[in-house]
Amino acid sequence: MLSRRSLLIGGSSACATLALPRLACAKEVLTAADVHIDGYPTVEAVKWIGRELERETGGRLSVRMYHAGQLGRETDTVNLVRFGALDFTRVNLAALNNAFPATQILSLPYVFDSTEHMRRSVDGPVGAEILAAFEARGLVGLAFYDSGARCFFNTHRPISEPAELHGLKIRVPPSDIFMDLVRALGANPTPLAFGEIFSSLQTRLIDGAENNWRSFHTSRHFEVARYWAQTEHSYSPEALLLSRKRFAALAPQDRELLVDLARRSVPYMRELWDRTEAESREFVIGHGVQVSQIDRPAFERAAAPMLRAHLRDPLLERMYRAIRSQV
Ligand code: GTR
């Protein structure tokens with residue numbers, strides 16, 4: 001893992017340090033972090049932005065991607081970006097739920113009926129309002145990316161109804177929403193960083209976790225947890241965030257370019273997502289993972305009280321109504 005100090009040094013541009021006129025500064029490398037491995041659709045989308053940026057600026061601006069969690073946990077990378085030690089981070093909204101309450105609406109259970117429904121919502125006014133909310137705390141919200149439908153997987157048994165989750169220790173991301181949901185379903189939530197899931201499954205510290213097909217495959221969790229339940233309880237999307245400090249230091253035309261490229265990276269990412277999500281599903285099933293269909297109304301009923309409790313917040317309630325009107 002790189003030290004924060006080396007990042008700070010690497011991240012500060014010669015232009016800023018030497019107060020040289022911008023045009024005299026040859027090259028600026030923007031740094032980016034992602035917990036996923038190279039080739040994962042979110043990593044590829046940010047690399048695409050980097051390539052386009054380099055092309056459009058004749059090599060003056062580019063992006064260096066630190067993938068596979070090289071810069072640590074998602075919550076740590078968010079802070080690095082807020083303080084300007086790192087330029088971009090791509091994290092799931094789960095890592096932002098506690099610090100940015102507006103994000104909770106996109107992570108709550110059974111808010112979306114399908115991928116298309118989630119995409120419509122993040123592409124519309126609700127998505128725009130949430131991206132704007134990042135400004136208040138040193139961030140620029142650039143884009144939402146897909147993260148599929150999150151489902152439970154475990155090392156013990158097939159699950160088709162909530163009662164079968166009772167007593168299992170289930171890893172959750174660092175979000176009160178996910179803690180509450182897993183508790184509501186009768187399991188024991190255990191918050192852990194993404195990078196710790198594989199070994200925690202192996203050592204039996206946890207019995208399972210929940211995530212999408214692509215991440216289940218590429219993080220190799222399927223090699224240890226052999227039971228997958230198609231719960232689709234959350235579509236919690238990914239966010240691409242940029243440091244507000246870095247954004248402010250860019251020339252106006254570079255800012256515009258970056259915002260435009262982030263917007264255009266979304267269809268690129270979605271295309272990649274659709275293809276690789278299906279590939280991953282086939283791959284893990286081909287490698288012996290047992291998939292159970294679930295009693296969806298039973299899961300929705302079990303999650304309903306915690307959903308209602310969170311919707312007591314007027315902001316979330318308003319957004320929920322807007323999202324549900326777009327089914
Ligand atoms: C994945 C997401 C990651 C990370 C992970 C987790 O779906 O892409 O950014 O948040 O879930 O559960 O920690």
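What follows is a short exchange on helix packing and domain contact in a predicted model.

User: Before we start, what are the ground rules for this model?
Analyst: It's predicted, so local features need pLDDT of at least 70 and side-chain atom pairs count only at pLDDT 80 or more, while totals for chains, interfaces and linings use all residues. Residues are numbered from 1 along each chain as its sequence is written, and side-chain values use heavy atoms, with hydrogens and water left out.

User: Why are α3 and α12 called oblique?
Analyst: The axes of α3 (residues 41–56) and α12 (residues 252–286) cross at roughly 140° and come within 8 Å. Axes are lines fitted to C-alpha atoms, for helices over the stretch in contact, with angles from 0 to 180 degrees between N-to-C directions. Under 35 degrees is roughly parallel, over 145 roughly antiparallel, 65 to 115 roughly perpendicular, and the rest oblique. So α3 and α12 land in the oblique class.

User: What makes something a helix here?
Analyst: A DSSP run of H or I with at least four residues, numbered from the N terminus.

User: Which residues make the contact of α3 with α12?
Analyst: Contact means heavy atoms within 4.5 Å. Among them are Trp48, Ile49 and Leu53 of α3, and Leu261, Tyr268 and Trp273 of α12. By class, that contact has 13 nonpolar, three polar and five charged residues. Nonpolar covers Ala, Val, Leu, Ile, Met, Phe, Trp, Tyr, Cys and Pro; charged is Asp, Glu, Lys and Arg; the others, Gly among them, are polar.

User: Why are α6 and α12 called roughly antiparallel?
Analyst: The axes of α6 (residues 115–123) and α12 cross at roughly 165°. That value falls in the antiparallel class, so α6 and α12 are roughly antiparallel. Their axes come within 14 Å, and Arg119, Val122 and Asp123 in α6 meet Arg270, Trp273 and Asp274 in α12. The contact divides into two nonpolar, no polar and four charged residues.

User: What makes the crossing of α6 and α12 right-handed?
Analyst: The near helix is turned clockwise from the far one by less than a right angle; anticlockwise would be left-handed. The α6 and α12 crossing is right-handed, and α3 also passes α12 in a right-handed crossing.

User: How do you know that domain 1 and domain 2 touch?
Analyst: An automatic or database assignment sets the bounds, giving domain 1 (4–91 + 117–146 + 238–278) and domain 2 (150–235 + 282–324). The contact takes 17 residues from domain 1 and 17 from domain 2. Domain 1 and domain 2 bury about 1400 Å² between them, 63% of it on carbon and sulfur atoms; buried area is the accessible area (1.4 Å probe) lost on being put together, summed over both parts.

Conventions: Helix = DSSP H or I, 4+ residues; strand = E, 2+ residues; numbered from the N terminus. Buried area = accessible area lost by both parts, 1.4 Å probe.
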